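Let's take a friendly tour of the empty space in this protein and of the residues around it.

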Amino acid sequence: ATDPNKALEMLERQPLDVVISDFLMPQMNGIEFLKEVRRIQPEAVRLLLTGYADKENAIRAINEVGLYHYIEKPWDNQAMLNIIRNGLEEKGLRQRLAGKVKELDKTLREFGELETRHRFLERELEMAGRIQRSLLPESFPSLDGYVFANLYQPCEAVGGDFYDYVHEGNNATILVSDVIGHGVQAALSTMLLKGIFQETAARTCDPVELLTEMNGRLHRILPEGMYAAASVIALELDRPEIEFANAGLPYPFLLRGGKKRLDEIALAGPPLGLFDDAAIVQYESRKARMEAGDVFLIGSDGLGSIIGDDEELFEDRAMREVLIELAGMEGGQVLEKLVERATTFANGRPQPDDVNLVAITRNER
């Protein structure tokens, strides 16, 4: 369109996916124009082209008009294409998530009788559980010098816990996450999480960059109040150390096999998708050297939230005592024995939350 009013007339007649506007225009500026775009077609991805002098206005527009991105002049064509492509992918993810939620709502309304609806939902949840489990890796990567083990136990048919990895050459990047809740909405959110992680990890294996970009994208997509705790672990074949960044998961443990010692690595960070304020959303990474026989253990809070006979949480004391005893064992054995002791600790009480644990053992090359 050659001027803003003609563009708005076009928007009234035709649905569009992306709107790119200059900041300086006759009749109205880019922010005023994109406000109207948001009113007419709120789902359209909105981009603003701006000069350096107008950067402050562009930043203001992020919240004022729901701006997806602003691009400073002169721009790089390939960079702009990547921004547009990412915007379209996120729009598609939002539409698919909304479509799934609408399908579920429609299904619930169609069944009036509670018994019939209950049987139907059981079948649907069973199918959803199979679909969700199919999103999990069948196995962990084969990386010389490391052995991987995991434990995944949803407390319902579908859960909000998730793990995934990207493996390329000598590098492996692992995601462990826990979406708030453990029902259908949490399970659907793990589908978004997988897509965003895989796409982002293909561009960077730096844990801080990865969590920062995932946070921004999830904040724009997830419904208000939804978020995901997560941690990213990066490994390199030729380096006997791991690097990780945390976004709200419990602190990881490092079982020192040779020293029979347990180290808890305190590293905090805000959950993914909850905030989009640069002053709040700041991640940092930590490196830990691993000797042969050491086990790096990280996971959701599901196992730690198990309650014992005296209302004490498993994570308060018993979990650490058990892990010290298990130092020196391989990661798979650690997970097996840890769950056995947690089950005994629960003394028949049901599992209160999803359990998701990943153990990384350093072995002799």
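## Space inside and at the surface

A search of this predicted model as a whole turns up one cavity of 30 Å³ or more. The largest cavity holds about 30 Å³ of space. Its lining is made up of Val179, Ser189, Leu193, Leu218, Leu222, Tyr227 and Ala228.

The largest pocket encloses about 1,400 Å³. Its lining counts 37 residues, and those nearest the pocket centre are Leu67, Tyr68, Gly216, Arg220 and Asp276.

Here are the two linings by residue class:

| Space | Nonpolar | Polar | Charged |
|---|---|---|---|
| Largest pocket | 15 residues | ten residues | twelve residues |
| Largest cavity | six residues | one residue | no residues |

Which elements supply at least two residues each to the lining of the largest pocket? They are strands S2 (45–50) and S3 (69–72), together with helices H3 (55–64), H4 (77–110) and H7 (207–221). H7 gives the largest share, with nine residues.

Helix H7 is worth a closer look. At its start, a side-chain oxygen of Asp206 comes to within 3.1 Å of the backbone nitrogen of Val208. H7 has 15 residues, so at 1.5 Å a residue it should span 21 Å, and the 21 Å between its end C-alpha atoms agrees with that. The buried residues of H7 are Pro207, Leu210, Leu211, Met214, Asn215, Gly216, Arg217, Leu218 and Ile221. Among them, Gly216 is one of the residues nearest the centre of the largest pocket, while Leu218 lines the largest cavity.

Terms used: Residues are numbered from 1 along each chain as its sequence is written. This is a predicted model: local features need pLDDT of at least 70, side-chain atom pairs count only at pLDDT 80 or more; totals for chains, interfaces and linings use all residues. Side-chain values use heavy atoms; hydrogens and water are left out. On a 1 Å grid over the protein atoms alone, a cavity is a set of points where a 1.4 Å probe fits but cannot get out, and a pocket is an open set with protein on both sides within 12 Å along at least five of seven lines; lining residues have an atom within 4 Å of a point. Grid points are joined across faces, edges and corners, and a volume is the space filled by probe spheres set on the points. Helices (H or I, at least four residues) and strands (E, at least two) are DSSP runs, numbered from the N terminus. Ala, Val, Leu, Ile, Met, Phe, Trp, Tyr, Cys and Pro count as nonpolar, Asp, Glu, Lys and Arg as charged, and the others, Gly among them, as polar. The expected span of a helix is 1.5 Å times one less than its number of residues. Buried means under 20% relative accessible area, exposed over 50%, partly exposed in between (1.4 Å probe, protein chains only). A polar contact is a pair of N or O atoms within 3.5 Å; within protein, one must be able to donate a hydrogen and the other to accept it, and residues adjacent in sequence count only if both atoms are side-chain atoms.
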